Amino acid sequence: MPEGPSIVILKEVLEPFKGKKILRVTGNAKIDYTLIAGKKIEDFRSWGKQFFIELPHATLRIHFLLFGTYSLDKQTKPNKSLRLALYFARGSVFFYTCSVRLITEELEKTYDWEADVLSDRWNPVKARKKLKAMPNTMVCDALLDQKIFSGVGNIIKNEVLYRIKLHPETRVKNIPSRILTRLIKEARQYSFDFLKWKKASVLKKHWLAHTKKTCQRCAIPLIKRHCGKTNRRSFFCPNCQVKYI
Ligand SMILES: [Zn+2]
């Protein structure tokens with residue numbers, strides 16, 4: 001699943017289409033295409049893992065789910081996977097295996113923009129308050145909670161916990177204050193590192209925990225386990241990642 005930084009990259013890639021008219025639209029998404037064809041794109045926005053294409057009377061909301069992808073200028077996957085294709089005077093964009101919806105709600109009011117870890121409006125104090133309100137939640141679940149850390153996915157989760165030496169099954173109420181501060185700080189910092197490395201195509205090279213077998217600090221095997229209610233893969237060191245109880 002694309003994590004927040006990948007959506008930020010998509011936004012940058014599509015920037016040249018801002019202000020451009022959509023000449024033709026196709027795809028198998030069940031939406032009202034008359035609200036799209038002939039319309040000019042007013043803006044692109046991202047909120048965590050969701051991508052928005054703002055049109056005059058509605059907004060296209062694209063969520064890449066688990067296997068969603070996109071391509072530019074050329075259709076690279078079969079029609080059955082093609083949810084949406086937008087054609088411009090110069091160029092086109094194709095979205096596959098994703099959720100496409102047309103929404104009319106005001107974006108500003110619908111989403112908490114201060115929860116987006118990559119946004120200028122990211123608010124760490126608010127994130128801390130939200131964490132305090134869920135004392136019994138395991139940190140592996142809290143990090144994946146899009147209402148707190150919008151944009152954080154499983155890779156970022158594993159890498160952040162490894163960086164701050166915190167066991168994924170630690171409950172929020174047991175995390176020492178200074179570690180909680182680092183958790184909130186690194187959720188954002190690692191997302192920016194992810195963005196930088198992804199752009200340079202060197203992301204995987206920098207993974208220290210995600211899909212790794214050995215702890216670089218302790219030279220012992222990492223544990224791979226599906227943790228928490230989210231039940232996503234966690235990779236962690238049983239020695240240096242502390243489980244506070
Ligand atoms: Zn270790």
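## A buried cysteine pair

Let's start inside the protein: Cys140 is buried, with a relative accessible area of 0%. Cys227 also counts as buried, at 0% relative accessibility. The model is a predicted one, and the cysteines are a good place to begin reading it.

Why is there no bond between Cys140 and Cys227? The sulfur of Cys140 lies 5.2 Å from the closest cysteine sulfur, which belongs to Cys227, and that is too far for a bond. A disulfide needs the two sulfur atoms within 2.5 Å. Seen from the other side, Cys227 takes part in no disulfide, and the nearest cysteine sulfur is that of Cys140. Searching the whole structure turns up zero disulfides.

## Four cysteines around zinc

Which residues hold the zinc ion? Its coordination comes from the SG atoms of Cys215, Cys218, Cys237 and Cys240, at 2.3 Å. Along the sequence, these donor residues follow the spacing C-x2-C-x18-C-x2-C.

The geometry is pleasingly easy to describe: the angles among the four donor atoms run from 105 to 114°, and the site is tetrahedral. Of the donors, Cys237 and Cys240 are both buried.

## Strand S3 and its surroundings

Now to a strand, S3, which covers residues 50-54. Is it enclosed or open? Five of its five residues are buried, so S3 is largely enclosed by the rest of the structure.

In a regular strand, side chains alternate between the two faces of the sheet. In S3, Gln50, Phe52 and Glu54 point one way, while Phe51 and Ile53 point the other way. The residues on both sides are buried, including Gln50 and Glu54.

## The partners of S3

On one side of the story is strand S2, residues 43-47, which pairs with S3 in the antiparallel sense over five bridges. One contact to look for in the viewer is Asp43, whose bridge partner in S3 is Glu54. S2 and S3 form a hairpin with two residues between them. In that turn, Gly48 has a positive phi of about 60°.

How do S3 and strand S4 run, parallel or antiparallel? They run antiparallel, with five bridges joining S3 to S4, residues 59-63. Here Ile53 stands opposite Leu60 in S4, and a hairpin of four residues makes the connection from S3 to S4.

Notes
Residues are numbered from 1 along each chain as its sequence is written. This is a predicted model: local features need pLDDT of at least 70, side-chain atom pairs count only at pLDDT 80 or more; totals for chains, interfaces and linings use all residues. Side-chain values use heavy atoms; hydrogens and water are left out. Buried means under 20% relative accessible area, exposed over 50%, partly exposed in between (1.4 Å probe, protein chains only). Donors are N, O and S atoms within 2.8 Å of the metal (3.2 Å for Na, K and Ca); water is not among the atoms, so sites may look incomplete. Four donors count as tetrahedral if all angles lie between 85 and 135 degrees; four count as square planar and six as octahedral if opposite donors are over 155 degrees apart and all others between 65 and 115; anything else is irregular. Two strands pair if DSSP finds at least two bridges between them.
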